[in-house]
Amino acid sequence: MKKSMAFKLGAYLLFLGAVFGICYQLYETTGENAGPKIILIPKKIDESNEFWSSVIAGAQVASKEYNVELSLMAPETETDVEGQNRLILEAAGRRPDAILVSPCSYEGTTSSIRQAVNQGVKVILIDSNINESLSIPLVATDNVEIGRRLGEYMKELLPENPKIGLVGHVKGSSTAIDREKGIRDGLGKEAESIEEVVFCDSIYQEAYDVTLQLLKRRPEINIIAGFNEYSSLGAASAVRDLGLKGKVKTFGIDSSVSQLQLLESGVYQALAIQNPFNMGYLGIEEAVKRIEGGKTDLFLNSGSKLVTVGDIYTEENEKLLFPFLGSRATKKEEINSQ
């Protein structure tokens, strides 16, 4: 079983490298007979981050299937709200058939998206939400739900006298707000044991550093949970390097190869996984529906699940963990049934 998983991890890494080679060489994907023009604006482009790699790959697969001309634009960092706002307005000025946006900020991105909508541009949100209802579709993980799943499992494993530290990604993003709420809901009364919440601005090294500082400042902390790939991987790496594996129970969200290795080795007790490939695929699919005048959902849950070392090898979980190795994105009805 472990040999099979090691092979899949290696194949997954090779595939990710190929995907990003394509992404960096071809910022535009155009069919022989160009169809609708769609611009994808994620929070950032990061070759080292498997979540965004998967979102982009899912969008590219769907673009090929639906004969979409796909362009990619992104700010330098997830905290560059002004930069993303400029890109949204620039994209709207190109008059595409639709724009897919993953908002950097729950509040700070709203104005530019509203301006794009007022210009008659069809907008689809993916991954993250904004603080105003503009009757536009959102394709995303149910972030309160994924946080609640993690919080409920954490509650089952709480030691006596629990002291909890949370490592978030970008303060003020809808995903961070909702996942923290979900974790607190899942913990119930034990949420009172949360000692501190720190943020890393979705930078691996910053997540590592703030976790080191947190554990040195508060050595009584015996539970750590991260909110996304950056924060979860940085936090778990800090726990491992401090020699606290098993002493500090560690939980995270997302499922990069490095995270799966830390789960296998016992640093993580559990990972709550998203389906970013499905998110990108369904985002394009919903955009095409809206362009063609079809009915679209205002919220489409791209799915999530809790994985532990005990069930990482099941066929069902491997399909979610390694979507690139399958034939296409996980079907909507399958993901919504979980």
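Begin by selecting V167, which stands opposite G226 in strand β9. Strands, like helices, are DSSP runs numbered from the N terminus (strands E, at least two residues; helices H or I, at least four). The model is predicted, so local features require pLDDT of at least 70 and side-chain atom pairs pLDDT 80 or more, whereas totals for chains, interfaces and linings use all residues. Residues are numbered from 1 along each chain as its sequence is written, and side-chain values rest on heavy atoms, without hydrogens or water.

**The sheet**

Extend the selection to residues 164-168 and 223-226: these are β7 and β9, which run parallel and are joined by 4 bridges. Two strands count as paired if DSSP finds at least two bridges between them.

Next, display the open sheet of 6 strands, whose order is β8-β7-β9-β10-β11-β13 and whose pairing is mixed. Colour β8 (194-199) and β13 (304-307): each has a single partner strand and stands at an edge, so one side of each lacks a neighbour in the sheet. On average, neighbouring strands of this sheet are turned by 15° against each other, direction ignored.

**Helix α8 and its tyrosine**

Add residues 229-241, helix α8, which lies across β7, β9, β10 (249-253) and β11 (268-274) and runs at about 160° to β10. Such angles run from 0 to 180 degrees between N-to-C directions, with axes fitted as lines to C-alpha atoms, for helices over the stretch in contact; contact means heavy atoms within 4.5 Å.

**Aromatic pairs**

There are 3 aromatic pairs in the model. Rings of Phe, Tyr and Trp (its six-membered ring) pair if their centres lie within 6.5 Å; planes under 30 degrees apart are stacked, over 60 edge-to-face, and the rest tilted.

Select F51 and W52, an edge-to-face pair with 4.9 Å centre to centre and 85° between the planes. Both F51 and W52 are buried, that is, under 20% relative accessible area (exposed is over 50%, partly exposed in between; 1.4 Å probe, protein chains only).

Then show Y204 and Y230: their ring centres are 4.6 Å apart and their planes at 45°, so this pair is tilted. The pair links distant parts of the chain, with Y204 in helix α7 (residues 204-217) and Y230 in helix α8, 26 residues apart. Y230 is buried, at 2% relative accessible area.

**Two further stops**

Move to S255, in the loop between β10 and α9 (257-264). S255 is buried, at 12% relative accessibility. Beyond its neighbours within four places in sequence, S255 contacts E50, L260, I273 and L321.

Finish at R149 in helix α5 (residues 143-156), a partly exposed residue with 22% relative accessible area. R149 and L306 are 157 residues apart in sequence, yet 6.8 Å apart in space, C-alpha to C-alpha.
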